[in-house]
Amino acid sequence: MTNYLISLCLLGSLLHASTLCKIPATEFHLKGDYIIGGLFNIHQTSSSVYHGIPEAIDCSSQSFILSNYQKFQWMRFSVEEINNSTNLLPNVSLGYDIFDHCSDVHSFPDILNLISVNGLIQPFEKSTNKLPKAIAVIGPFSSTDTLTAAPFFMVDLIPLVSYGASSSVFSEKPRFPSFLRTVHPSKDVIEVIVNIVLHFKWSWVAFVNSDNDFGIDGRDSFMKRIKDTEICLAYTKNVNDNTNYVHMFKQIESQGINVIIIFTPESTVDALMDSAINLNVTNKVWIAGDTWSLNKQLQKKKGIKNIGTILGVSQPLVKIPGFDHFIYSAKSQIHCDNTAQPKFCCSFLNTEDILTVDSSFSFHVYTAVYAIAHALHNTLKCGNGRCDSNITISPHMILTELQKSNFTLLNRKIQFDEYGDPRFGSYSLVFWNSTGDAEEIGFYKYQSDDFFINNSKIQWHMNETVPTSFCSPECPKGFVKKQDGIHKCCFICEICLNGTYVNSTEDPYNCLPCKDTEWSEPGSTSCSLRAVEYIPFTDSGAILIMVGAWVFVGLTLATSVVFVINYNTPVVRSAGGPMCFLILGCLTLCTISVFFYFDKPTMSFCVLRFIPFVLFYTVCLACFVVRSFQIVCIFKIAAKFPKLYIWWMKYHGQWLVITVTFVTQAILLLINYFNHPPNPYNDTFWYPDKIVLNCDIDFCGILMAAVLLVTLCSLCFIFSYMGKDLPKNYNEAKAITFCLFLLTLTWIVSSTVFMLYRGKYILILNALAILFSIYSFLFSYFLPKCYIIIFQSHKNTQQYFQGLIQNYTKTISQ
């Protein structure tokens with residue numbers, strides 16, 4: 001049992017040793033004419049470390065991060081390369097003071113050391129004779145560490161050039177006036193991730209981020225970026241050392257999310273992926289941020305291939321010559337100090353470990369050092385193989401030149417924008433292939449917004465087909481999405497009704513109405529032009545009606561000729577005498593309206609369709625009213641009301657009534673015309689696929705005119721009924737009654753059809769109704785009298801009429 005405990009202790013010591021690494025002090029400091037500070041978290045404290053009293057942490061006792069140690073070596077290499085060159089800073093040597101910034105809350109001695117002046121900190125000292133130790137500082141790597149360290153350097157405008165802090169807050173110049181960075185802000189990485197999601201048409205995604213400034217800023221940038229896209233953030237989670245991954249993955253699975261974006265640093269993603277593997281999470285698409293997309297240890301982890309497809313966004317790897325040789329030389333000079341505490345040093349690391357680790361941010365460290373060197377070059381006015389050593393350099397002078405940086409490094413133009421963010425760089429898109437390597441499958445370039453993915457290089461976990469991730473399946477064509485719940489990606493599908501359509505590209509959530517000149521069937525994705533319908537003059541129906549109108553005109557002219565020739569005969573006089581010609585003339589004028597029911601309607605067409613017929617037909621009805629009244633007056637009223645008869649004859653009552661009626665109707669029509677003139681309009685109500693060209697007549701406006709016509713018809717009926725027993729040749733009332741019967745029947749049929757049918761042939765029906773109305777008077781009243789005049793001339797004598805009157809008088813007296 002004792003031996004077993006001893007073995008466990010020895011094993012624990014060895015495991016602990018693998019996490020501890022005491023870097024030789026010579027690697028942290030280099031003397032030179034000008035000192036550049038460096039903050040690298042070579043070791044990383046655990047968030048579970050708590051202290052009861054304030055104390056500074058011994059970083060070498062914390063977990064060693066090999067990738068950050070490599071970044072530390074990149075700074076050393078860059079300074080050495082500059083010092084070995086006579087072009088950039090001739091006769092000037094750069095030095096560095098690099099500190100292991102392993103904690104954002106306990107590693108302040110290194111920061112205070114860099115801003116100190118002769119070992120003292122005097123942040124409010126304005127004297128230019130006392131300058132801080134470092135002319136500029138490189139680092140830290142993480143956004144959280146930088147947020148803690150940056151304010152110390154901002155006070156005296158000491159340039160702080162970060163190679164990894166990507167939080168968007170550092171672009172706020174009022175808060176961070178002397179901050180610059182060689183890595184793009186998180187929103188740029190998010191832009192690439194969103195482009196990937198949009199490229200594969202994924203709309204239902206989860207966003208898992210670290211519970212720190214870096215992760216939260218990435219999540220906020222993602223939510224802001226997808227606001228006006230089809231992407232829905234179905235689930236989001238801030239993860240840390242205490243996260244319950246079992247619950248998290250159950251939530252993701254229950255919501256049917258197949259795409260998971262992981263926006264965390266390397267230290268956090270290890271635990272997350274271990275949980276995914278242990279919980280047998282499969283068939284997912286994982287999108288890696290640039291902090292872990294090239295993590296070689298994770299790529300080789302057992303079971304990583306079972307969790308699905310891993311895509312990533314990475315910093316492009318830039319081949320910088322000379323670094324390998326530098327590392328081999330540096331490692332050959334390192335000797336383990338057995339007296340050092342703790343006893344373990346970095347001798348267990350070989351050069352291959354350093355060179356093969358993820359070097360995503362190596363170029364950013366390299367660029368940061370060269371940017372400061374170029375700023376110093378410009379400040380010292382270097383040229384012609386020497387620099388002006390008499391110039392007193394202060395950090396704010398370096399800051400000014402840094403902000404104006406414009407130089408070429410490894411064929412890349414290095415510049416910063418007004419926010420201190422880089423104007424250079426691009427991103428690579430990678431896929432973790434079956435061999436466990438991150439294979440480049442595309443790129444994203446900032447300056448040109450070029451985005452490219454080679455889909456053929458991706459081996460999907462879903463039988464070579466692109467996986468899907470949505471809350472609701474896409475609606476069929478012609479259906480719109482009606483949101484179901486808080487997410488716009490969760491919806492039910494509803495069909496667009498006729499007269500509407502859906503444009504899924506512009507607005508998949510609303511049925512858009514078609515224009516008045518268009519139509520659509522239910523479930524349409526576009527509108528079609530309506531068929532425009534009207535009756536042209538060449539239509540066979542129109543031709544027949546117009547021929548009928550001209551025939552009517554001819555008949556009225558013939559009737560007028562017959563009446564003129566036989567003007568003084570009893571038949572003509574009993575028919576009304578001169579009033580007959582007024583009636584025939586008005587009936588002829590009524591035919592004007594018939595011709596304007598055809599062809600495309602205009603405002604004048606609409607006026608002439610309606611007003612001539614109504615106005616002149618009113619005169620005709622007024623004539624028949626007074627004619628009926630005269631017949632009754634002669635045979636019945638004259639004897640009973642002689643004074644009324646005398647007044648009627650003396651003042652020509654019939655012409656007075658006709659004139660008053662005509663003037664009244666004309667006034668009513670003029671009032672309606674000025675208030676609501678009849679205009680052409682497109683009737684789109686009755687037929688969804690047609691436009692019937694018609695006239696817009698205000699039926700409420702012509703109500704009084706219609707009332708007048710109905711009143712005249714009613715009076716005709718009344719007087720006709722009173723004269724039903726008059727002598728046959730004097731009984732025009734019966735003819736008038738028959739005319740009115742035909743008139744009423746015509747318009748009842750016309751109105752009924754109008755209520756049931758509104759197509760273009762309703763115009764022919766209206767014109768036909770006018771013809772029937774005027775033909776009824778001609779055939780029922782005038783043509784029978786023409787027949788008597790022409791074919792029964794013996795009945796057209798004075799003696800015949802007197803005999804009829806005498807017989808009627810005897811009948812009444814009996």
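The cysteine sulfurs in this chain pair up into 7 disulfides. The model is predicted, and three of these links are described below, followed by two cysteines whose sulfurs stay unbonded.

**Three disulfides side by side**

| Pair | S to S distance | Torsion about the S-S bond |
|---|---|---|
| Cys232 and Cys489 | 2.1 Å | about 95° |
| Cys382 and Cys387 | 1.8 Å | about 110° |
| Cys606 and Cys695 | 2.0 Å | -80° |

**Cys232 and Cys489**

Let's begin with the link between Cys232 and Cys489. Which distant parts of the chain does this pair bring together? Cys232 sits in strand β10, which covers residues 232-239, while Cys489 belongs to the loop between β19 (479-483) and β20 (491-495). The two cysteines are 257 residues apart. Because the torsion about their S-S bond is about 95°, this disulfide is right-handed. Are the partners buried or exposed? Cys232 has a relative accessible area of 4%, so this residue is buried. Cys489 is also at 4% relative accessibility, and therefore counts as buried.

**Cys382 and Cys387**

The next link joins Cys382 to Cys387, with 1.8 Å from S to S. Its torsion is about 110°, so this disulfide, too, is right-handed. Both Cys382 and Cys387 are buried.

**Cys606 and Cys695**

What is the handedness of the link between Cys606 and Cys695? This one is left-handed, with a torsion of -80° about the S-S bond. Cys606 lies in helix α17 (residues 603-640) and Cys695 in strand β27 (residues 690-696), so the disulfide ties a helix to a strand across 89 residues of sequence. Cys606 counts as buried because its relative accessibility is 1%. Cys695 reaches 9%, and it counts as buried as well.

**Two cysteines without a bond**

Now for the cysteines that are left over. Why does the sulfur of Cys713 form no bond with the closest cysteine sulfur? That closest sulfur belongs to Cys716 and is 6.4 Å away, which is too far, because a disulfide needs the two sulfur atoms within 2.5 Å. For Cys739, the closest cysteine sulfur is again in Cys716, but here the gap is 9.4 Å, so this is also too far for a bond.

How accessible are these two residues? Cys713 is buried, with a relative accessible area of 15%. Cys739 is buried too, and its relative accessible area is 0%.

Methods:
Residues numbered from 1 in each chain as written. Predicted model: local features only at pLDDT ≥ 70, side-chain atom pairs only at ≥ 80, totals over all residues. Heavy atoms only, no water. Helix = DSSP H or I, 4+ residues; strand = E, 2+ residues; numbered from the N terminus. Buried < 20%, exposed > 50% of the residue type's maximum accessible area, 1.4 Å probe, protein only.
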